[in-house]
Amino acid sequence: MSLSNREIADIFETVSDMLQLKGENVHRVLAYRNASESIRAWPRDLRTMQREGASFNDIPNIGDTLSEKIIEMLDTGKLQFYDKLAAEVPKGMIDMMHINGVGPKKAQRFYKELGIHNVQELEQAAREGKLRDVSGMGAKTEANILAAIEALSRQTTRTPLGVAYPIAQSILERLLAMPNVLQGVAAGSIRRGRPTIGDVDLLVAVTSMDEAPPIMEAFVKMDEVERILGNGPTKSSVELHSGLQIDLRILAQERWGTALAYFTGSQAHNIRMRGLALDKGLSLNEHEFSDPQGEKEPILCATEEDVYAAVGLPYIAPELREDRGEIEAAQQGKLPKLITLEDIHADLHMHTTWSDGGLTVREMAEAALERGRKFIVITDHSRSLGMVGGLTIEQLWEQQAEIRQVDADMNGKIRVFHGTEMEIKGDGTLDYPDDVLEKLDFVIASLHVSLRQPREQITERLINAVNNPHVDLIGHPRGQYIPDREPADLDMDAVFAAAKDSGIALEINANPRRLDLEADYARLAVELGCLLAINTDAHAADNMDLMHYGVSTARRGWVEAKSVLNTWPLEKFLDWVQKRGR
Ligand code: DGT
Ligand code: CA
Ligand code: CA
Ligand code: ZN
């Protein structure tokens, strides 16, 4: 029995977890984790590749050793290395380690000190107040763990946007290249920019429905498809090797607008739209507006603008369609002038080989220039983050000399500034003293460690950084990681109030695993008078292309360009930084 891509990715992920539990070298742990993610994102069936004699080394993060392990799994349906580890590490321990706030170290201690093997036993021990027998843990820990276990059981199998989006685009491109296909879109939650995706809803328009069958046939036969869940002339559903489900609907061009609006959703927005139609004596479904009495001809809409016009509204952008006030705003002519990707011409957060990035300062500058950026800030990690090569003060000045040189060499085509992503340490102090921060062009402060501190403590820690006049931006403020790391327990109202007072900006981190601030928080921050910045936090050149995820998150948060630092002209930006206490 041979394994699917998804099963192989699952095994590598578990191996990574087991190695981590055993306290193995972090590079080894990461090698398996990265391999797992690459295979999940890989479009082709590994079984087919093996049959064709193709090399697995073409898959990112797969070298000779991991290739051999893939071959073993394809040939035998198992992995001996996995079985060996599984004999040493109980399966229940891995589940335990995935509980927010537990992690490998605590899981080990529960096992060794209390003989707890799995989540169920842990839950019981927490309820019975037995965890406080372990040193350093108390009633608070027990309450946190119980809450986290409950959250875990609520978790569904949604796919991160950053995984689903490229797959959807790649399939769509091939459909768009087929004869008779007039246009196509990934609708549903992808088009609305939700951080996680249930399934992908593709729509394709043709001139006449006679043209649909060959398109449908090509779709269900694509390399990515593991199984066909439903196959009809105008609608099919497939499951990919990665486990992701994709629906494709083919429709006539003259109904494009109605169908696109319907399948973009959200359901809540659609219900409001149907209500507005009824107010005008019309019934609205995915095909058309019709007269419930059947007396008048149905109204077909080729564009979404036509759909909104039919109910007396201006066009509403997909990212707003959540029934969060957009209908009322449209009625009152008060829709926001949403930020667009074209408004962004700077990136204020990125890493280089000075810490954990893959490229030099010069290479990052060139990559940013290629992408049309007008200025960037190099912000490597600070000294207390030894694991990712955080810079000592001495290294910081060496780096500054290099950045000044690169900036000069760029001859004004792009400006390159020197910043830092400074750690807000566990004890609440900042990682560099003020007299160092003063000499940097731009300072980001971020939380990476001790994210599970109690609400009051971690909020105070963040606000302390907000109040430092040398800090310009809080990086990924809530510290979430999609899908499995919940945000820190921060009092965001207090953070936003402090941010407004100090005039500091807050980040929307565009990395689709972060999207932090998320839309609702970004919206609240702007309403309360705070500034934002949308940054890629790039560790490699192609990471800079993730900016659109940050922009769609901002759009979901009703954000306009004027609230976002990196849409500003350089002069205005520099002026703002200068006025901030240096
Ligand atoms: P997902 O897939 O869970 O991430 O979220 P969506 O929004 O993509 O939802 P999905 O795939 O179930 O359906 C796509 C769109 O189709 C949805 O946003 C609105 C529309 N839709 C689906 N079912 C219904 C329904 O029962 N009533 C209404 N009004 N609209 C629906
Ligand atoms: Ca969907
Ligand atoms: Ca769907
Ligand atoms: Zn960073």
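By helices and strands I mean runs assigned by DSSP, at least four residues long for a helix and at least two for a strand, numbered from the N terminus. With that in mind, what we are looking at is a predicted model, and in this protein there are 24 helices and 16 strands. The radius of gyration is 26 Å, close to the 25 Å that the globule rule gives for 582 residues, so the protein is as compact as a globular protein of that length. Along the principal axes, the C-alpha atoms fill a box of roughly 75 × 65 × 55 Å, and 51% of the 582 residues count as buried. If we take the contacts between residues at least 6 apart in sequence, 68% of them join residues at least 24 apart.

Let me turn now to the calcium ion that is ligand 3. Which residues supply its protein donors? They are Asp199, which appears twice with an OD atom, together with Asp201 and Asp247, each through OD, and they lie 2.2 to 2.9 Å from the ion. In sequence, these donor residues follow the spacing D-x1-D-x45-D. Asp199 also bridges this ion and the calcium ion that is ligand 2, with 3.8 Å between the two ions. Distant parts of the chain are linked here, since Asp199 sits in the loop between strand S3 (196–197) and strand S4 (200–206), while Asp247 belongs to strand S7 (residues 245–252), 48 residues apart.

Are these two residues buried or exposed? Buried means under 20% relative accessible area, so Asp247, at 5%, is buried, whereas Asp199, at 22%, is partly exposed.

How values were computed
Residues are numbered from 1 along each chain as its sequence is written. Chains are lettered from A and ligands numbered from 1 in the order in which they are written. This is a predicted model: local features need pLDDT of at least 70, side-chain atom pairs count only at pLDDT 80 or more; totals for chains, interfaces and linings use all residues. Side-chain values use heavy atoms; hydrogens and water are left out. The radius of gyration is taken over C-alpha atoms; the globule rule is 2.2 Å times the number of residues to the power 0.38. Buried means under 20% relative accessible area, exposed over 50%, partly exposed in between (1.4 Å probe, protein chains only). Contact means heavy atoms within 4.5 Å. Donors are N, O and S atoms within 2.8 Å of the metal (3.2 Å for Na, K and Ca); water is not among the atoms, so sites may look incomplete.
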